[in-house]
Amino acid sequence: MLSLLRLYNTTPQLSYILNPHKLQIMAKSRFEYVKKFEQDDRCLLGCWIVVRIDGRSFHKFTSEHLFAKPNDLSALKLMDVAACSVMEEFRDIIFAYGQSDEYSFIFDRKMSLFNRRSSKILTNLVSLFTSSYTYNWRIHFPNTELKYPPAFDGRVVLYPNTIVLKDYLSWRQADCHINNLYNTAFWEIVKSGKSHVEAAARLKDTFSSGKNEILFSEFGINYNKIEPRYRKGSCLFWIDKMTEKSPEGPDTVGEFITGGACKKPRVCREITVSHEDIISEVFWSNHPQILGQDIVNS
Ligand SMILES: Nc1nc2c(ncn2[C@@H]2O[C@H](COP(=O)(O)OP(=O)(O)OP(=O)(O)O)[C@@H](O)[C@H]2O)c(=O)[nH]1
Ligand SMILES: [Mg+2]
């Protein structure tokens with residue numbers, strides 16, 4: 001004991017280890033400078049914050065899990081449910097748009113969550129989206145075992161005004177349309193007995209009108225009559241709803257459980273899902289509450 005005490009008093013490093021008080025002082029003084037290496041990644045005030053999440057190597061994931069081609073309804077619903085979990089948790093998200101293996105989340109431009117720190121926002125969203133996707137897998141794929149954990153990447157992009165924000169969303173919906181039209185035509189040609197190479201050659205150098213024509217004249221498919229979900233993707237946004245007095249428990253909206261329990265009749269915010277055209281101004285003027293005061297393209 002005596003020798004230990006002597007050591008404690010004479011060896012500086014060991015004395016820090018044995019004395020938590022000294023260690024605390026040292027952490028505050030000598031080591032604290034390391035915090036200064038952290039970068040300030042706060043998103044610029046006043047900008048729309050968009051987080052886009054995208055499935056990693058989903059060409060492989062979808063084929064390993066035998067997703068229906070060109071669109072797997074269960075998979076798309078699972079994406080919507082994962083996005084709904086994210087919106088339920090992060091109430092500053094005013095709108096989300098999803099298609100294929102991606103989802104974009106738009107935050108209220110005035111939001112101050114996480115002090116607007118980009119890395120905190122991004123990691124929280126990607127993490128919750130991925131865990132919700134995995135958590136709800138069984139409900140949507142009761143007969144398909146999850147062979148390995150899916151992963152999603154993510155990015156944060158800032159848009160300085162509403163015009164560019166709407167153009168961003170139009171870009172994603174145009175992407176949905178272009179891919180879906182191509183894939184629908186491609187898989188119809190393949191179903192008719194042609195090889196993948198032949199189907200690709202048939203569609204090469206065709207415009208939208210050409211693909212529509214192939215679908216209509218060769219397969220009797222009017223592209224505009226295909227499920228809006230496949231042609232337009234999914235839009236999630238909040239709507240106000242007057243609730244009936246209800247027993248304690250989560251409310252359901254359409255296919256979603258929104259979690260916002262209302263025990264007395266009152267106005268509740270609930271998430272709704274729609275598969276509308278968001279490139280057209282009609283959508284935004286029909287739902288002026290989504291972009292709020294900023295609707296005037298400022
Ligand atoms: N069969 C099927 N495949 C789908 C469906 N939705 C998405 N996919 C697949 O997911 C891919 C998504 O495209 P990308 O995100 O560009 O490709 P990725 O393989 O995920 O590659 P990275 O995102 O770069 O990691 C599509 O090319 C399809 O292969 C679906 O409903 N059915
Ligand atoms: Mg992907």
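The exercises below work through the surroundings of ligand 1 in a predicted model, each with a solution given in steps.

**Exercise 1. Describe the shell of residues around ligand 1, and state which secondary-structure elements supply it.**

Solution. Begin with the count: ligand 1 is surrounded by 15 residues, and the closest of them are Asp 54, Ser 57, Phe 58, His 59 and Asp 72. Next, sort the shell by residue character, which yields four nonpolar, six polar and five charged residues. Then turn to the elements: strand E1 (48-55) and helix H4 (58-64) each contribute at least two residues of the shell, and H4 gives the most, with three residues. Of the residues named above, Asp 54 belongs to strand E1, whereas Ser 57 is found in the loop between E1 and H4.

**Exercise 2. Identify polar atoms of the protein that lie close to ligand 1 within the 3.5 Å limit for a polar contact, and determine how much of the ligand the protein buries.**

Solution. Take the oxygen contacts to begin with: an oxygen atom of ligand 1 lies 2.8 Å from an N or O atom in the side chain of Asp 54, and an oxygen atom of the ligand is 2.7 Å from a polar backbone atom of Phe 58. Continue with nitrogen, where an atom of ligand 1 is placed 3.4 Å from a polar backbone atom of Pro 70. Finally, consider the accessible area: ligand 1 taken alone exposes 640 Å², of which the protein buries 64%. As for location, the space that ligand 1 takes is the largest pocket.

**Exercise 3. Examine the backbone at Pro 70 and at Ser 100, and place each residue in the fold.**

Solution. For Pro 70, inspect the preceding peptide bond, which runs from Lys 69 to Pro 70 and is cis, with omega near 0°; Pro 70 itself lies in the loop between H4 and helix H5 (73-89). For Ser 100, inspect phi, which is positive at about 50° although this residue is not a glycine; Ser 100 sits in the loop between strand E2 (93-99) and strand E3 (102-107).

**Exercise 4. Compare the "binding site" annotations from UniProt with the geometry of the model.**

Solution. Start from the record: in an unreviewed entry, UniProt gives the annotation "binding site" to Asp 54, Gly 55, Arg 56, Ser 57, Phe 58, His 59, Ser 100 and Asp 101. These residues span 48 residues in sequence, yet no two of their C-alpha atoms are more than 12.2 Å apart, so they gather at one spot. Check them against the largest pocket, whose lining includes Ser 57, Phe 58, His 59, Ser 100 and Asp 101.

Now repeat the steps for the "binding site" feature that UniProt, again in an unreviewed entry, places at Asp 54, Gly 55 and Asp 101. Although they span 48 residues in sequence, no two of their C-alpha atoms are more than 5.7 Å apart, so these residues too gather at one spot. Of these residues, the lining of the largest pocket includes Asp 101.

How values were computed. Residues are numbered from 1 along each chain as its sequence is written. Chains are lettered from A and ligands numbered from 1 in the order in which they are written. This is a predicted model: local features need pLDDT of at least 70, side-chain atom pairs count only at pLDDT 80 or more; totals for chains, interfaces and linings use all residues. Side-chain values use heavy atoms; hydrogens and water are left out. A residue is near a molecule or strand if one of its heavy atoms lies within 4 Å of it. A polar contact is a pair of N or O atoms within 3.5 Å; within protein, one must be able to donate a hydrogen and the other to accept it, and residues adjacent in sequence count only if both atoms are side-chain atoms. Accessible areas come from the Shrake-Rupley method with a 1.4 Å probe; for residues, only the protein chains shown count as cover. On a 1 Å grid over the protein atoms alone, a cavity is a set of points where a 1.4 Å probe fits but cannot get out, and a pocket is an open set with protein on both sides within 12 Å along at least five of seven lines; lining residues have an atom within 4 Å of a point. A molecule sits in a cavity or pocket if more than half of its atoms lie within 2 Å of its grid points. Helices (H or I, at least four residues) and strands (E, at least two) are DSSP runs, numbered from the N terminus. Ala, Val, Leu, Ile, Met, Phe, Trp, Tyr, Cys and Pro count as nonpolar, Asp, Glu, Lys and Arg as charged, and the others, Gly among them, as polar. UniProt positions are given in the numbering used here, feature names are shortened, and annotations may be inferred rather than shown by experiment.
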